[in-house]
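Trainee: I have a new model open and don't know where to begin. Can you walk me through a few parts of it?
Mentor: Yes, have a look at it before we start.

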Amino acid sequence: MKTFEQRLAMNSCFAAERYDVIQLPFIPFSNTGGEALNNNGVVAGGIANSDGSVSLAAWSNGLLTILGVPPGLPSRDFNTPRVFGINDSGAVVGTVHTSAGDLPSRWFIYDRKGFTVLPLADPTDLGGAAIGINNRGEVVGYDHTSTNKLIAWHWSDGAYSRIPVSGTHTTALGINSSGTIIGNRRFRLIRRLLTGRLRSSGERGYVVCGDTTQYLTGFVYAINILGEAAGGSLSNGQAMATVFKDGIATVIVNMPSHAVGINSGASVVGSYQPTGYNWRHLFRWSASLGAVDLTPDGYRSAEAAAINDRGDILGFGETLSGKPQYFLLTPNPNGELTQKALTTAAVPGAR
């Protein structure tokens, strides 16, 4: 395990970095695209077929590999997949539903054996989604019950177990290689998981490590190998990007924002709302350098989706021409994108 000094050095090596901006072919936002990035730089998502259907695919070093479509269960109508997670072995998890909407749904694993669509935790449930997978193959997610509740679960060794947290609606969103699980709970229905837009107003996070459950003052979306979680906390009704360590919340961006990714060096990515702007910008934060803006040139808006241990950042946004687009930022000393200070004041015509 890296010492604190080693992790600061790891962050410092990113200090003066420039980035290549690579456009990715995945369907963005809520149109069943999804996104997932692993530590080997592999990105998984959905691509549009000529007939309007969606196939899963993996991108790595410019090569796109078509993975296909999960076998429709319980019928062929289950033909619309979405990716949520990928581990370092390339195993992908997500959900598959009908073209009519998010429910009913099932969740799947894609690995070297191909697709496996698993049954619901309870056969009376309306749907389910797998959100995170670790390098041991353990999966976390949630089921949508027949009474419209969301129940967080953990899948390991071919069996479900319910996450031992309180709340009418609970979701499990991440699990690290040590088996520590993070997620959120709230008292009204969570639907933003399937929209590609994370906007929290009522979630409260939790961390489950072995037999210990810790409730947080804010919400969480990602966890690293050291058990540090990234998300946000509310201040005067506004969400601000926050890192949680040992239950202690540290706000890292003092303006409307949220964090969605954290790597083993504690580099954090997310998006923030500049003052006076209608569009969101992508940020990256480290303890040694603070937050910087990494919104690519030519984009009116950008949000992060994940960061890996190599410093690659997966993001999505809208170009100046109005095209929604996924992209990957990869560190390169000669890259086209340079980091900027966070935008803190309105610029005429920039909205």
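Mentor: A pocket, on a 1 Å grid over the protein atoms alone, is an open set of points where a 1.4 Å probe fits, with protein on both sides within 12 Å along at least five of seven lines, and lining residues have an atom within 4 Å of a point. This is a predicted model, where local features need pLDDT of at least 70 and side-chain atom pairs count only at pLDDT 80 or more, while totals for chains, interfaces and linings use all residues. Residues are numbered from 1 along each chain as its sequence is written, and side-chain values use heavy atoms, without hydrogens and water.

Trainee: How much space lies in the second largest pocket?
Mentor: About 370 Å³, a volume being the space filled by probe spheres set on the points.

Trainee: Which residues are closest to its centre?
Mentor: Ser89, Gly90, Ala91, Asp111 and Arg112, out of 19 that line the second largest pocket. Strand 8 (residues 105–111) contributes the most to that lining, with 3 residues. Strands are DSSP runs of E, at least two residues long, numbered from the N terminus.

Trainee: Which strands form a sheet with strand 8?
Mentor: The open sheet has 4 strands in the order 6-7-8-9, with antiparallel pairing; two strands pair if DSSP finds at least two bridges between them.

Trainee: Why do strand 6 and strand 9 have one side left without a neighbour?
Mentor: Strand 6 (78–86) and strand 9 (114–118) are at the edges and have a single partner strand each, so one side of each lacks a neighbour in the sheet. Strand 6 is joined to strand 7 (residues 92–98) by 7 bridges, and Ile86 has Val92 as its bridge partner.

Trainee: New topic. How many aromatic pairs are there?
Mentor: The whole structure has 10. Rings of Phe, Tyr and Trp (its six-membered ring) pair if their centres lie within 6.5 Å; planes under 30 degrees apart are stacked, over 60 edge-to-face, and the rest tilted. Trp107 and Trp155 have ring centres 5.5 Å apart and planes at 80°, so that pair is edge-to-face.

Trainee: Where do those two sit in the chain?
Mentor: Trp107 is in strand 8 and Trp155 in strand 12 (residues 150–156), 48 residues apart.

Trainee: Buried or exposed?
Mentor: Both Trp107 and Trp155 are buried, meaning under 20% relative accessible area with a 1.4 Å probe and protein chains only. Trp107 and Trp155 also form one aromatic cluster with Trp153 and Tyr160.

Conventions. Buried < 20%, exposed > 50% of the residue type's maximum accessible area, 1.4 Å probe, protein only.
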